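Biologist: Could you take a close look at the salt bridges in this model, and set out which side chains pair up and where the partners sit?

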Amino acid sequence: MTLTFYSSAATVASSPRVPFHPLASPARRGFVSFRLTAKKLPLRSHGASSLSVRAMSELVQDKESVVAASTSFTESSNTRASELNHSRTFLDARTEEDLISGINKEKEAGRLPPNVASGMEELYWNYKNAVLSSGAPGADKTVISNMSVAFDRMLLGVEDPYTFNPYHKAVREPFDYYQFVHMYISPLIDFKNSYVGNVSIFSELEDKLRQGHNVVLISNHQSEADPAVISLLLEAQCPYIGENIKCVAGDRVITDPLCKPFSMGRYRITTFLLTMTSGIPSAFRNLICVYSKKHMNDDPELVDMKRKANTRSLKEMATLLRSGSQLIWIAPSGGRDRPDPSTGEWFPAPFDASSVDNMRRLVEHSGAPGHIYPMSLLCYDIMPPPPKVEKEIGEKRLVGYHGTGLSIAPEISFSDVTADCSNPNEAKEAYSQALYKSVDEQYKTLNSAINHRRGIEASTSTVSLSQPWN
């Protein structure tokens, strides 16, 4: 039987929690000009901006560090050469004028394609406006320091395209994309108006993972910032989940020039070899990449190739699940949520029952105990998608400062939900609908707390809201 998989976002966690690393490991720290100690520093609440300014400014200050660190690498000579020969235009930037003129300089030198250059400048102004709207102390310095490093990573991706293997492990050294993206996203989150629902269930997940169980989170998908938002909201109480999560993601996150760097700090399984041409590197996440159902037929000549590639991804995922202790986050809608065109209200996109069923069967046949939980995300204002699904790569990069929300409900048993179903198709639909109903109900609670400003009082009998970072 051939399985097809159409989801565009998901995640998996595997190993025990690893020690914190700054953006570069001690032995290679000079490589990225980052000299913080190995002590874990908080990225949450109002302190996030001050940390970002301090850490990111240190990241761009040591102009001689690349050469000084060159003898300490264990990476291939190609990696060393690409970094040593890499233009320092953006790492040397200290002002807004330096950044904008740097874009033009690299474009004129032929190192940045015009469309990427214009996208970078547009991203700068949008990011600046969002961070400044937070009113956080030092917000202007946060913008310069964060965008200096973001642009540097984008330029490196053009100069030396990053190749994604079928299973991509998060890049934590010599440059720590995971921590970098957290510092990039954190200033966009209004932690005072952000909430986590049923945080005790996330702690329950950690216990199950350490016991060798597999866990699947069935969720909606709101923005490219979703993985970072999950990690940041859970950092105070459940850092294991954020640090080890592996993502099943659509192919577009490793092909869009201004998106890919966000993926380099996560483990990923990709359905094919792709190169990173620019963007905030996709190596920031652990990824399993699939072709979204929404884009399956964009090019009729590629449909067969995409289906075969998705089958390969399923096999890679099955191999991981057989080892146990895997946490998979999947958005079976096949893409990001969109607002209702008539009301403008956002809501979780409907689930594809086949995607849910494929994931369930993978878990059941893994040989390890498995659990499936419904999870809900509200964070579209951080990086809102286009109003409609677009075929072309290179969407407009909008950025905002806003409250965010994450909630989880108790696991839902397939056998309990489908006990009265008369056939497999009916059972498949019933289980998918049960999960979606829970995700939708949780989303409404988060929406009430954040967008209707009810806060903790929006809690219900099934969703207990809290702010674990306080």
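Modeller: In this predicted model, the count comes to 11 salt bridges, where a pair qualifies if a side-chain nitrogen of Lys or Arg lies within 4 Å of a carboxyl oxygen of Asp or Glu. Among them are two pairs in helix H12, which spans residues 353–364, and they have a partner in common, arginine 360. On one side, arginine 360 meets aspartate 357 in a salt bridge with an N to O distance of 2.8 Å; these two residues are three apart in the helix and therefore separated by about one helical turn. On the other side, arginine 360 pairs with glutamate 364 at 2.9 Å, N to O, and here the spacing is four residues, again about one turn of the helix. Arginine 360 counts as buried because its relative accessibility is 9%, under the 20% limit, whereas glutamate 364, at 46%, counts as partly exposed. Salt bridges that share partners join Asp357, Arg360, Arg361 and Glu364 into one network. Aspartate 357, like arginine 360, is buried.

A further pair lies in helix H8, residues 199–210. There lysine 208 forms a salt bridge with glutamate 204, and the closest N and O atoms are 3.4 Å apart. Because the two residues are four apart in that helix, about one helical turn separates them. Lysine 208 is buried, with a relative accessible area of 16%, while glutamate 204 is partly exposed, with a relative accessible area of 32%.

Methods. Residues are numbered from 1 along each chain as its sequence is written. This is a predicted model: local features need pLDDT of at least 70, side-chain atom pairs count only at pLDDT 80 or more; totals for chains, interfaces and linings use all residues. Side-chain values use heavy atoms; hydrogens and water are left out. Buried means under 20% relative accessible area, exposed over 50%, partly exposed in between (1.4 Å probe, protein chains only).
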